[in-house]
Amino acid sequence: MGTALTPVDSYVEQLLQQMSMNEESKCTITDAQGNDITFTMKLLRIENQKYYYELTVAETLALAKRYKENGVTLFAKYPRFAHAYFNQAAKCLLSWAPIEQLDPAIEGAATVEEMRSLLETLYLNIAACLIKQDRYDEVLHVLRYTDHQEAPSVKATYRKALAQFKTKQFAEALATLERIEYANSKECATLHKQIIQSRQQEDSKYNSMVKKMFA
């Protein structure tokens, strides 16, 4: 479980998660081309099962890293399945939230810092998956942690500004980009130009509409 790197294997795992011990089920998976894959499964045993709350900090971090790497592997070809892995990884880490309150003397300062860093990376990855699905309001929710950062990363800034741009929050998007040296990033600079142009077009449409109303 948790090692699927193809859609079919991912669906098999989802089916197994719904089965009880000694249950035998006939399963059908329909692929993107409409072809059916039919097979019978029987759940004989479950080995080394642990819930999140039973894991140590080190075990949680290792599992989250494995899920994250699986997501990275799947992202280019199967972003929806990658999204599921990134979510699972984040849930692992958040089971110890707030991470900032973990005792570095017990868990190790390096481990705690790695958990913080990995969670931020996962938020960025989840945002990338949401952008592919045009779920821009959710991108803004995921990246809200940047509001309290003095120096947000270029990736986080770009993805947040893009989501604001797509939801026509032009002033907010410009303010987001201007928190960093956006001109040093080709993506950010291009986005900044697009926002300016779109805002001017929207202003022109609005002014034209007002003129027609009061002509």
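Select helix α2, residues 57-75, together with helix α3, residues 79-94, in this predicted model. The two helices pack with their axes 8 Å apart and at an angle of about 165°. Because angles over 145 degrees count as roughly antiparallel, α2 is roughly antiparallel to α3. Turn the view so that one helix lies in front of the other: α2 passes α3 in a left-handed crossing.

Next, show the side chains at this contact. On α2, pick T60, L61, L63, A64, Y67, K68, N70, G71, V72, L74 and F75. On α3, the partners to select are P79, F81, A82, Y85, F86, Q88, A89, C92 and L93. Colour the selection by residue class: 15 of the contact residues are nonpolar, four are polar and one is charged.

Now release the selection and colour the whole chain by secondary structure. The chain holds nine helices and two strands. Followed from the N terminus, the elements read α-β-β-α-α-α-α-α-α-α-α. The two strands thus come up directly after the opening helix, and helices make up the rest of the order.

Zoom out to the C-alpha trace. Along the principal axes, the C-alpha atoms fill a box of roughly 75 × 55 × 30 Å. The radius of gyration of the chain is 23 Å, whereas a compact globule of 215 residues would have one near 17 Å.

Finally, colour by accessibility. Buried residues account for 35% of the 215 residues. For a contact map, take the contacts between residues at least 6 apart in sequence: 51% of them join residues at least 24 apart.

Key. Residues are numbered from 1 along each chain as its sequence is written. This is a predicted model: local features need pLDDT of at least 70, side-chain atom pairs count only at pLDDT 80 or more; totals for chains, interfaces and linings use all residues. Side-chain values use heavy atoms; hydrogens and water are left out. Axes are lines fitted to C-alpha atoms, for helices over the stretch in contact, and angles run from 0 to 180 degrees between N-to-C directions. Helices (H or I, at least four residues) and strands (E, at least two) are DSSP runs, numbered from the N terminus. Angles under 35 degrees count as roughly parallel, over 145 as roughly antiparallel, 65 to 115 as roughly perpendicular and the rest as oblique. A crossing is left-handed if the near helix is turned anticlockwise from the far one by less than a right angle, and right-handed if clockwise. Contact means heavy atoms within 4.5 Å. Ala, Val, Leu, Ile, Met, Phe, Trp, Tyr, Cys and Pro count as nonpolar, Asp, Glu, Lys and Arg as charged, and the others, Gly among them, as polar. The radius of gyration is taken over C-alpha atoms; the globule rule is 2.2 Å times the number of residues to the power 0.38. Buried means under 20% relative accessible area, exposed over 50%, partly exposed in between (1.4 Å probe, protein chains only).
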